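User: Could you walk me through a few features of this structure? I have the sequence and the coordinates open.

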Amino acid sequence: MSSDVVVDIEGLTKRFGPRTVFEDISLQVQRSEVVAVIGPSGAGKSTFIRCINYLHPFDAGRIRVLDHELVGGGAPPSKATLRQIRMQVGMAFQTFNLFPHLTALGNVMLGPMETKRVPASDARDKAMALLTSVGLADRAEAYPRRLSGGEQQRVAICRALAMDPEVMLFDEPTSMLDPEMVGEVLGTIRGLAAQGMTLILVTHEMQFAKEVADTVVVMADGRVVEKGPARDVLEHPTSERSRTFLTRVLKPLETVEDGQEQGQHGGQESGPGATTALGGDHP
Amino acid sequence: MHVVALYWQAIVDGGGVDLELTAIAVAVSVVVGILAAVGRIYGGKLLGGAITVYVEIIRGLPPILQLFIIYFGLSQFQINLSSFSAGLLWLVLYGVGYAVEIFRAGIEAVSVGQREAADALGLTRVQALRKIILPQAWMVMLPSLMTFLVLQVKNTTLLYLVGIADIMYQARLGTSATEQPAIMYGMAAIAYLIINLTLSRIGSTLERRQALYR
C-alpha cells in the first residue's frame, strides 16, 4: 500500500437496528486528493463521513487514518486512538456547530489550547492568521449569533484547521446556507484544495464537485454505485443508479417535483465570496 | 415602636446565620451536584441508578422529617450532631438532591451538535464538559439555580426546630418575650424579603449579561 494513503476505508458497514444504512464501502484517499461524495438524500452519505472520525460507531469493516485504525463491531476504540484520529481529522458540519459562548477567535483558539496545550498567545496568532485568510479578521471578536451563516461556516472551518489536520471532512457544508452565502464557503474550500489539503466532502453542489474534486463517489441505497475521476462520473456515469440520480440533479427543471435534490448553485461560487479563498488563485 | 429597635439586631443576627448556612450548603451542593449529574448521565447503570434513588428519596420525603432523622434519629445511634452541623448537613443533602436534577437538565439541554463539535476536535469528555457543555448549561440553568438559592434560604426557617438561632428562632423568641407576634413575624418577613429580593436582583443581572451572547 502506498504510504501516501491518508484515509483507508475497507468494508465499512453501518446499521441502525434492523436497518442497514450502508454496506461494504471501501475507499482510499491519497494525500491532497479531493473526494466528493454525492447521492440522493437518505443514501447514508452523512453517516458514512461521520464514521471516519467515529462520531458514529460502525458495525463492520475498518478505517485507517495514517497510523491509527478503527475497527467496526466488537469493542470500541481506545480513548487514545480516538483522540489521535480526531486530532488529525478536521470536520465542518452542516449546522456549523460553533460554540455560542465563545467569540469567533475563541472558537478557533480552543482546540489547540485544550488538546495540544498550545499557549494562548500562540493560539491567538494562529487563529487570527486563519480568520484573516478567510476574510474574517474584522469579525474575530464577534459571537456566533452575530455572524451570518456563511461567516459561521468559515469560522468553523478555521476552528478545524487550527488543529493542523491531515484531512478535512465536510458534511454538506453549504446545505444550510442561504444561496448568496454558498459561494464564500465554497471559495474557502476551493482554497484548501488548492493548498493541497486532503478533503472528503459530502455535497449537493455538483458543479463544485466537478471543478474541485479529483474523485467522485456516488452513494445510493446504502452502496457505492459508482466511483471514479470526477469528470468521468459526472459527465458519463456508467451505473444505471447514478445515471438516474445525476439526470435528476443536473436537469432540475425537467423534474421540478424533485426539488430537494436540485442542490444547484452552479457558478455562484465564483461570486464575491471567492476572493476570500485561502491562497490559491488569490493574488 | 421601640420593640422593633430592640429586636431588629437579633433578627439581623439570625439573618447572618441563615445566610452563612445557605452559602455553605449551596456551594457544596453545586460542586457535588455537578459531579453527581455527570455521574448520572455518564456513570452507567449502577452509579446512575444509585444517584436516581437518592434524588427520589430527597424529593419524596418531607423536609422536616429529613431534618429530624438527621438530628434526632441519628442520636439514637450515638451520632450526636450539633444543631449547626445537623442543620448544615440536612441543607447540603437536600440541596444536592435538587442540584443534581438542575445540572442534569442543563447538561442535557446542550445540543448534540455541540458535543459532536467537541468530539471532532479531539477534546476529552472532561475538557468538553468544562469548556463547552457546562458554560452553555450554565446559561440554561441560571434561572433554576436562582430559584434553588431562594428555596434554600426559605428552607433555613425549619432549622429553628433543632435550635439554630436563625431569623425564625429570633422572631419566636421575641414573640414570647413581647407577646407581639405581628411585629416580630413582620420583621422576620421583611428580613427574608430583603435577602431574597436581593438574590433575585443578582440573578436577573447575571441573566441579562448572559443574554449578550445567547
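User: Which residue in the turn of the hairpin formed by strand 9 and strand 10 of chain A has a positive phi?

Analyst: Happy to help, keeping in mind that this is a predicted model. Strand 9 of chain A pairs with strand 10 (residues 223–229) in the antiparallel sense, over six bridges. Two residues lie between these strands in the hairpin, and the one in the turn with a positive phi, of about 50°, is A:Asp221.

User: Which residue of strand 10 of chain A stands opposite A:Val218?

Analyst: A:Val218 is buried, on one side of strand 9 of chain A together with A:Val216 and A:Ala220. Across the hairpin, its opposite number in strand 10 of chain A is A:Glu226.

User: How many bridges join strand 3 of chain A to strand 9 of chain A?

Analyst: Here the pairing is parallel, with strand 3 covering residues 34–38. Within it, A:Val37 stands opposite A:Val217. The number of bridges joining strand 3 of chain A to strand 9 of chain A is four.

User: Is strand 9 of chain A covered on one face or on both?

Analyst: Six of the six residues in strand 9 (residues 215–220) of chain A are buried. A:Thr215, A:Val217 and A:Met219 are on one side, with A:Val216, A:Val218 and A:Ala220 on the other, so the answer is both faces.

User: Which helix of chain A gives the most to the side that touches chain B?

Analyst: Chain A brings 19 residues to the contact and chain B brings 16 residues. Helix 2 (79–88) and helix 3 (104–115) of chain A each supply at least two residues of chain A's side. With four residues, the one that gives the most is helix 3.

How values were computed. Residues are numbered from 1 along each chain as its sequence is written. Chains are lettered from A and ligands numbered from 1 in the order in which they are written. This is a predicted model: local features need pLDDT of at least 70, side-chain atom pairs count only at pLDDT 80 or more; totals for chains, interfaces and linings use all residues. Two residues are in contact if their C-beta atoms, placed from the backbone, lie within 7 Å. A residue is buried if 20 or more other C-beta atoms lie within 10 Å of its own, exposed if 12 or fewer, and partly exposed in between; C-beta atoms are placed from the backbone. Two strands pair if DSSP finds at least two bridges between them.
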